[in-house]
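Grab a pencil and work through a few exercises on the model shown here. Each one has a task, then a solution in steps.

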Amino acid sequence: MKEIRFYRASEKPYGVFSNLYKREIDFEGEVFATSEHAYQAGKARKPLVKKWLMDAPSPSLLAMAAHGLYYWDVAPGWSKNKFDRMRAVLRAKFTQHEDLKETLLGTGDARLVESATVDNPVNRLWGEVNGVGKNTLGIMLMELRTELLRKEHEGEEKLHAAE
């Protein structure tokens with residue numbers, strides 16, 4: 001099976017799969033600078049902490065700051081809700097931007113892998129480091145790709161049925 005590895009937002013063409021890729025998304029009635037911003041906005045328990053995170057000078061510093069929050073600054077239930085939130089953020093990102101959607105769909109049935117370089121629990125959860133990890137982001141992207149392809153196929157079937 002073909003495998004597509006991605007990590008840095010600046011990598012062409014698959015850097016768009018990174019949550020640090022700079023493309024605004026509208027999520028839960030707010031416009032966020034990146035999907036990382038939309039995701040991490042749900043982590044903060046207090047409005048001041050959320051604002052502090054959103055004001056980070058770059059998406060990578062936002063991610064770093066959010067990973068370092070104290071327990072009492074994290075929204076209750078975050079460890080359970082974060083995966084559903086990420087799925088919803090990814091759906092928003094790839095349905096609001098046709099070019100990003102086309103890049104995702106253009107991967108066919110390739111295995112998508114976030115391939116991190118620094119070995120830590122966060123990188124092994126969302127991706128892989130030296131081939132080891134859960135690759136949660138890659139799996140979510142592949143699930144979304146399947147969902148989007150199914151919807152496109154259903155749309156084509158309805159179009160042909162109406163002819």
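**Exercise 1. Work out how H4 and H5 are oriented.**

H4 and H5 are roughly perpendicular to each other, because their angle falls in the class for that term (65 to 115 degrees; under 35 is roughly parallel, over 145 roughly antiparallel, and the rest oblique). Let's see the steps.

Ground rules to start with: this is a predicted model, where local features need pLDDT of at least 70 and side-chain atom pairs count only at pLDDT 80 or more, while totals for chains, interfaces and linings use all residues. Residues are numbered from 1 along each chain as its sequence is written, and side-chain values use heavy atoms, with hydrogens and water left out.

- Step 1: find the elements. H5 covers residues 98-105, and H4 is 78-96 (helices, H or I, are DSSP runs of at least four residues, strands, E, of at least two, numbered from the N terminus).
- Step 2: read the geometry. The two helices pack at about 105°, with axes 5 Å apart (axes are lines fitted to C-alpha atoms over the stretch in contact, and angles run from 0 to 180 degrees between N-to-C directions).
- Step 3: list who touches. From H4 come Lys93, Phe94 and Gln96; they meet Glu98, Leu100, Lys101 and Leu104 of H5 (contact means heavy atoms within 4.5 Å).
- Step 4: sort that contact. You get three nonpolar, one polar and three charged residues (nonpolar is Ala, Val, Leu, Ile, Met, Phe, Trp, Tyr, Cys and Pro; charged is Asp, Glu, Lys and Arg; the others, Gly among them, are polar).

**Exercise 2. Lay out the strands and their pairing.**

- Step 1: the open sheet has three strands in the order E1-E4-E5, paired in parallel (two strands pair if DSSP finds at least two bridges between them).
- Step 2: E1 (3-6) and E5 (128-129) each have a single partner strand, so one side of each lacks a neighbour in the sheet.
- Step 3: E1 pairs with E4 (residues 111-116) over four bridges, and phenylalanine 6 has glutamate 114 in E4 as its bridge partner.
- Step 4: now the antiparallel pair, E2 (residues 22-27) with E3 (residues 30-34), also spans four bridges. Here isoleucine 25 is partnered by phenylalanine 32 in E3.

**Exercise 3. Spot the unusual backbone angles.**

- Step 1: recall the background. Most residues other than glycine have a negative phi, and most peptide bonds are trans.
- Step 2: check the hairpin of E2 and E3. Two residues sit between its strands, and glutamate 28 has a positive phi near 55°.
- Step 3: look at asparagine 130, where phi is positive, near 55°. This residue lies in the loop between E5 and H7 (136-162).
- Step 4: find the cis peptide bond. Lysine 12 and proline 13 are joined by one, with omega about -5°, and proline 13 belongs to the loop between E1 and E2.

**Exercise 4. Describe the largest pocket.**

- Step 1: its volume is about 590 Å³ (on a 1 Å grid over the protein atoms alone, a pocket is an open set of points where a 1.4 Å probe fits, with protein on both sides within 12 Å along at least five of seven lines; lining residues have an atom within 4 Å of a point).
- Step 2: of the 24 lining residues, Tyr7, Leu20, Ala63, Glu114 and Asn123 are closest to the centre.
- Step 3: H3 gives the largest share of the lining, five residues.
- Step 4: by type, the lining splits into 11 nonpolar, nine polar and four charged.

Definitions and conventions:
Grid points are joined across faces, edges and corners, and a volume is the space filled by probe spheres set on the points.
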